[in-house]
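Pull up the model and get comfortable with the viewer. We'll take a walk through a few parts of it, one piece at a time.

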Amino acid sequence: MRGQLFKKRKYYFFDYLFWLGEMAQWHYKSEPRRPDGESMLMLCIMTFIYEPIFFTAAHFLYGSPVFNWFAVAMIAGFLAILHCMSHGWIYPFSRRKEVMQHYEGRRFSPFRCYFFLFSLGFLLISEMYLLPSALMRIGGSKAEVENTQVEIPQRWRDYLLLHFRVGARQEVPHEALQHLINQDGRTSRYGQPVYIMQVRATKGDMGGEFRVRLLNHATIDEIQDGSRTFVECTWVKGYTTDSIRILLTGWYEVRNARLCPVDSLEWTEDMEF
């Protein structure tokens, strides 16, 4: 019974990372932008738990309406982890005190601290490229959605860039709309669009400069109440000498079950809007 009460506590790799971060903060407390225990723990959580879950789930949800909600949930979860970490609900303060006592007297090595810091950072960045590629090879190509012959010609990590840059959404068009897009000359020349979406009168769609020229053809109220419906398609037209994608975005108004071109824009993915 007495042996159970004084059972030796186990310490793990993340405990050692926390100690390294706290010691680095103490040794270089007069210098800004130094790691601390919490930042080392967050980097460990992001590398070994958060990012693998995000990329694995996103691989299977990509192209589904659930994907946008999943991305929002992951961002909210990240903020929740930060909040719980700062309040000691994750990795309690009592545990932190015990860890510092356990490693007390051990020589602190700045080289070892920054070796783990940059190694975790490098692994975090590498996962962004290696995990999606590995999942593509394991899972094969994406299944067709609702037998509409809609294919996604780019890997979802490339689509994410357009999602955050211009508010692109990958919506699955109904069969009649997909047929009209297939008949468009741009699709015949450049292949299937990177994404297809209906433009909505939201801040995310109409808040920037990317779609501002649509207001030459309709008002926000007309787009909002549905009296004027616009569809946006973006194709990969080619690449610059620096291997930057050249994109072509076309806007169409849906009239009497037909697509009527209203505007277009050729741009590169490094442009800001």
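Keep in mind as you look that this is a predicted model. Start at the hairpin that strand 3 and strand 4 form, with two residues between them. Asn 256 sits in that turn and has a positive phi of about 50°. The two strands run antiparallel and are joined by ten bridges, with strand 4 spanning residues 258–268. To pick out one pairing, find Tyr 252: its bridge partner in strand 4 is Pro 261.

Now go to the other partner of strand 3. Strand 2 (residues 230–239) also runs antiparallel to strand 3, and nine bridges join them. Here, too, the strands form a hairpin, this one with five residues between them. Ser 243 is in the turn, with a positive phi of about 65°. For a pairing to click on, try Tyr 239, whose bridge partner in strand 3 is Arg 245.

So how covered is strand 3? Mostly: nine of its eleven residues are buried.

Let's zoom in on one residue of that strand. Trp 251 lies in strand 3, which covers residues 245–255. Is Trp 251 buried or exposed? Its relative accessible area is 2%, and because the cut-off for buried is under 20%, Trp 251 counts as buried. As for who surrounds it, leaving aside neighbours within four places in sequence, Trp 251 is in contact with a list of residues including Val 199, Phe 210, Arg 211 and Leu 214. Val 231 and Glu 232 are also among its contacts, as are Cys 260, Pro 261 and Val 262. With Glu 232 there is something extra: the side chains of Trp 251 and Glu 232 make a polar contact at 2.8 Å. Also check Phe 230, which is 21 residues away from Trp 251 along the chain, while their C-alpha atoms are separated by 6.5 Å.

Finally, swing over to helix 5, residues 93–102. Arg 95, Arg 96 and Val 99 are buried there. These three cover an arc of only 100° around the axis, so they end up on the same side of helix 5. In general, an α-helix has 3.6 residues a turn, so residues three or four places apart point the same way. Turn to the other side of helix 5 and you'll find Ser 94 and Lys 97, which are exposed. What covers the buried residues of helix 5? The cover includes helix 2 (13–27), helix 3 (37–61) and helix 4 (66–86).

Key. Residues numbered from 1 in each chain as written. Predicted model: local features only at pLDDT ≥ 70, side-chain atom pairs only at ≥ 80, totals over all residues. Heavy atoms only, no water. Helix = DSSP H or I, 4+ residues; strand = E, 2+ residues; numbered from the N terminus. Buried < 20%, exposed > 50% of the residue type's maximum accessible area, 1.4 Å probe, protein only. Contact = heavy atoms within 4.5 Å. Polar contact = N/O pair within 3.5 Å; in protein donor to acceptor, adjacent residues only side chain to side chain. Arc of directions from axis to C-beta. Pairing = 2+ DSSP bridges.
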